[in-house]
Amino acid sequence: DKPQPKKERLLAISAGHYLYTAGKRCDKRIDPTETREWVLNARIADFLTDMLSKYDGVKIIRLDDPTGEIPIKIEERAKISDEHNADFYLAIHHNAAGDLFNGGGVVVYHYPLERNKVQATELYNDLVNANGLRGNRSNPIVATTELYEVCAPKADSIMVENGFMNSTVDTPIILTAS
C-alpha cells in the first residue's frame, strides 16, 4: 500500500465589493478619511492569504481584483470559485446600517445550513476573541439561503461582516491594523 498524497485544499477569498462601490465607507463623523469598505476587506484578505500560504496543502485564490479598481460581480466570483473547484468560499465584508450608533459587532453567515454551523461558530468566536466586537445582535451566527454570495458558490461558504462602519464602538477597532 502506497501512502496517498495529501489533497491540496483550495480556499477562495472574496474581499467584498470594490474600491469605488457607492456608499461603502466608514462614516465621516468617526473616520474623517471615510475609509472605503473594500480597503478594510482587502486588508483582511491579504493578511489571510499571507498567513495561510505558509501551510502545506493550502492554496488560495482571490476572487476580487486585488487592486480594488475593477468591479467583479458576485456571480463572476462564484463562477471562478466553481471553475477552480474551491473547497471553501470566504466572503469578507464590513457592515453598515442607518445612522451612527454604538452597537454592532461581528456577524457570520453560512451555507450549507447545518454542515457549516460548527465552522461558522468557531470563526465567530475566534473573531470576537481577537477584536472584542461581540456587539448587541441576538443572532450573530446566521444560517442563510437569502444571501447570494454565500449560496451561489458550489463550495461551502461563509460570509463575515467584520463590524459596522457606522458604529462609534466598531469603527475605531476595524480601522486598526490589528
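**Exercise 1.** Which residues does V108 touch, not counting residues up to four places away in sequence?

*Solution.* First, the ground rules. This is a predicted model, in which local features need pLDDT of at least 70, side-chain atom pairs count only at pLDDT 80 or more, and totals for chains, interfaces and linings use all residues. Residues are numbered from 1 along each chain as its sequence is written, and side-chain values use heavy atoms, with hydrogens and water left out.

Next, the criterion: contact means heavy atoms within 4.5 Å. With that sequence filter, V108 touches A120, Y124, P140, I141, V142, I158, M159 and V160.

**Exercise 2.** Place V108 in its nonpolar core, then find which element gives the most to this core.

*Solution.* Start with the term. A nonpolar core is a set of buried Ala, Val, Leu, Ile, Met, Phe, Trp, Tyr and Cys residues joined through side-chain atoms within 4.5 Å. Buried means under 20% relative accessible area, exposed over 50%, partly exposed in between (1.4 Å probe, protein chains only).

The largest such core has 25 residues. V108 is among those with the most contacts inside it, along with I13, L90, V106 and V160. Two or more residues come from each of β1 (9-15), α1 (37-52), β3 (88-95), β4 (106-111), α3 (117-131) and β6 (156-164). The top contributor is α1, with six residues. Helices (H or I, at least four residues) and strands (E, at least two) are DSSP runs, numbered from the N terminus.

A second, separate core has 13 residues, including L10, A12, L63 and V150.

**Exercise 3.** Trace the order of the strands in the sheet and name its edge strands.

*Solution.* Two strands pair if DSSP finds at least two bridges between them. The order is β2-β1-β3-β6-β4-β5, an open sheet of six strands with mixed pairing. β2 (58-62) and β5 (141-143) are the edge strands, each pairing on one side only.

Now zoom in on one pair. β1 and β2 run parallel and are joined by five bridges. I13 has R62 in β2 as its bridge partner.

**Exercise 4.** Is D64 buried or exposed, and which polar contacts involve its side chain?

*Solution.* Locate D64: the loop between β2 and α2 (74-83). Its relative accessible area is 3%, so D64 is buried.

Then apply the polar test: N or O atoms within 3.5 Å; within protein, one must be able to donate a hydrogen and the other to accept it, and residues adjacent in sequence count only if both atoms are side-chain atoms. The side chains of D64 and R62 are joined by a contact of 2.8 Å. A polar atom of the D64 side chain also lies 3.2 Å from the backbone nitrogen of A15.
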